[in-house]
Amino acid sequence: MSQPNQLLLIGIPGTELDPATATRLKKLQPGGYILFGRNIESAVQLRKLVDDLRDLSPVEPVVTIDQEGGRVSRLRLIGHEPPSAQQLRDRDEPELIRRHGNLTGRLLRLFGFNLDLCPVLDISFDDEADNSLKGRCWGSSVGETIDKAELFRAAMAEHGILSCGKHFPGYTFAGLDPHHDLPRIDRSRAELDATELAVFRHFADKVDSMMIGHAHYPCFDAEKNPASLSTAVIRDCLRGDLGFGGLVMTDDLDMGAILNTFSWEETIRRAVRAGNDFVMICHRLEAAEDALRTLESTRAAELDPALENLDRFKQRLAPPDDFTLAAHQALDLEVRQLRIDTLGEAAADEQSPENAARSPVEDY
């Protein structure tokens, strides 16, 4: 059953498929696509782009995006910005969180997406921490994170959008940005079990996929090794201890934390060996093509478990809803009203500030 190309989740350039890019993608036949701000110009354009990507492949692709709320909301480029997880958490009204999940699911189905790369399951131990998670966490404790993230996830799932818990096994204590360097997180296994992993354990039979973060956890690996490439983190902890049976993906491998640690070929081999089903490559088509060559030279027996997991996952992908511009405009008004109901009329007109440290990938 070996189709190694299916293990690639890739980003694409531009807002439309030019003939050269379409030819490359048709040859590459990745298992999925992730879209960013660089791919979004208008509502009509976005739906056409997603339709064109789907038309390239005889195997239905995963089409995903980061649509969390707040500043990590790609669709705010063509509509209103939904409230963030922290804004909804601070308001502490469950019905507003459910509305956010409901609207997110309906918007993504309208544009042809079938997976949302959320909820963030990291706990905010310090809301003022200057890290890439600022404003994105559903809770400041295990219980609050579980309760509020689940309200969002369940409401989104009612509209057929699959979910992804991130960033396993817990990224809040990272002191470096993995887009540049590999953070070291000196949490003991007991500390993780009591807090970060308690959240992920709860969601092991609820989220459809898990994203593995780029950080080194000495409690799992004595030698410097990113969690995203770690057998101890993925096969032993996530699969074995937590019993997670869904799809596992790396965070973007096109980051300094990875590129400065291993060669590209070694990275891809380690990613599969560690237990990932999807290798995410967000910004360079040539890197995805190189990755495919590495995968094609890998023994089928090493790839088949991941391909089986991906096949099961794809059987659950929901088709897009029929698109009309009027439907998008109506949903966008609902997002605006949710923002007013969460923040008040005056604050609803303010976009999220961009002064917090954030992932460079958000600039795309």
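Axes here are lines fitted to C-alpha atoms, for helices over the stretch in contact, and the angles between them run from 0 to 180 degrees between N-to-C directions. In this predicted model, helix H2 (residues 43-55) and H4 pack at an angle of about 65°, and their axes lie 8 Å apart. Since angles of 65 to 115 degrees count as roughly perpendicular, H2 and H4 are therefore described as roughly perpendicular to each other. On the H2 side the contact is made by Ala43, Leu46, Arg47 and Val50, which meet Arg109, Leu110 and Phe111 in H4. The residues of this contact divide into five nonpolar, no polar and two charged.

**Helices H4 and H5**

Helix H4 covers residues 94-111, and at 1.5 Å a residue its 18 residues should span 26 Å, which agrees with the 26 Å between its end C-alpha atoms. The buried residues of H4 include Leu96, Ile97, His100, Gly101, Leu103 and Thr104, and Arg109, Leu110 and Phe111, named above for the contact with H2, are also among them. After H4 comes glycine 112, whose phi is positive, near 95°.

Helix H5 (residues 142-157) passes the same kind of check, because its 16 residues should span 22 Å at 1.5 Å a residue and its end C-alpha atoms are 22 Å apart. Buried in H5 are Thr145, Ile146, Lys148, Ala149, Glu150, Phe152, Arg153, Ala155 and Met156. What covers these buried residues includes E4, H3, H4, strand E6 (115-116) and helix H7 (196-203).

**Glutamate 68 in strand E4**

Strand E4 (residues 67-69) holds glutamate 68, which counts as buried because its relative accessibility is 7%. Leaving aside neighbours within four places in sequence, glutamate 68 is in contact with Ser73, His100, Leu117, Cys118, Val120, Arg136 and Lys166. One of these partners, His100, is a buried residue of H4.

**Salt bridges**

The count of salt bridges comes to 35, and three of them are set out below.

| Salt bridge | N to O distance |
|---|---|
| Glutamate 81 and arginine 339 | 3.5 Å |
| Arginine 99 and aspartate 341 | 3.0 Å |
| Aspartate 205 and lysine 206 | 3.3 Å |

The side chains of glutamate 81 and arginine 339 meet in a salt bridge; this pair links distant parts of the chain, with glutamate 81 in the loop between strand E5 (72-73) and helix H3 (85-91) and arginine 339 in helix H13 (residues 325-343), 258 residues apart. Glutamate 81 counts as buried at 1% relative accessibility, and arginine 339 is buried too, with a relative accessible area of 3%.

A salt bridge also joins the side chains of arginine 99 and aspartate 341, and this pair again links distant parts of the chain, with arginine 99 in helix H4 and aspartate 341 in helix H13, 242 residues apart. Here arginine 99 is partly exposed, with a relative accessible area of 27%, and aspartate 341 is partly exposed at 26%.

In the salt bridge of aspartate 205 with lysine 206, aspartate 205 is exposed, with a relative accessible area of 64%, whereas lysine 206 counts as partly exposed at 26% relative accessibility. Elsewhere, salt bridges that share partners join Asp66, Glu68, Arg74, Arg136 and Lys166 into one network. Two members of this network, Arg136 and Lys166, are also named among the contacts of glutamate 68.

Technical notes:
Residues are numbered from 1 along each chain as its sequence is written. This is a predicted model: local features need pLDDT of at least 70, side-chain atom pairs count only at pLDDT 80 or more; totals for chains, interfaces and linings use all residues. Side-chain values use heavy atoms; hydrogens and water are left out. Helices (H or I, at least four residues) and strands (E, at least two) are DSSP runs, numbered from the N terminus. The expected span of a helix is 1.5 Å times one less than its number of residues. Buried means under 20% relative accessible area, exposed over 50%, partly exposed in between (1.4 Å probe, protein chains only). Contact means heavy atoms within 4.5 Å. A salt bridge is a side-chain nitrogen of Lys or Arg within 4 Å of a carboxyl oxygen of Asp or Glu. Angles under 35 degrees count as roughly parallel, over 145 as roughly antiparallel, 65 to 115 as roughly perpendicular and the rest as oblique. Ala, Val, Leu, Ile, Met, Phe, Trp, Tyr, Cys and Pro count as nonpolar, Asp, Glu, Lys and Arg as charged, and the others, Gly among them, as polar.
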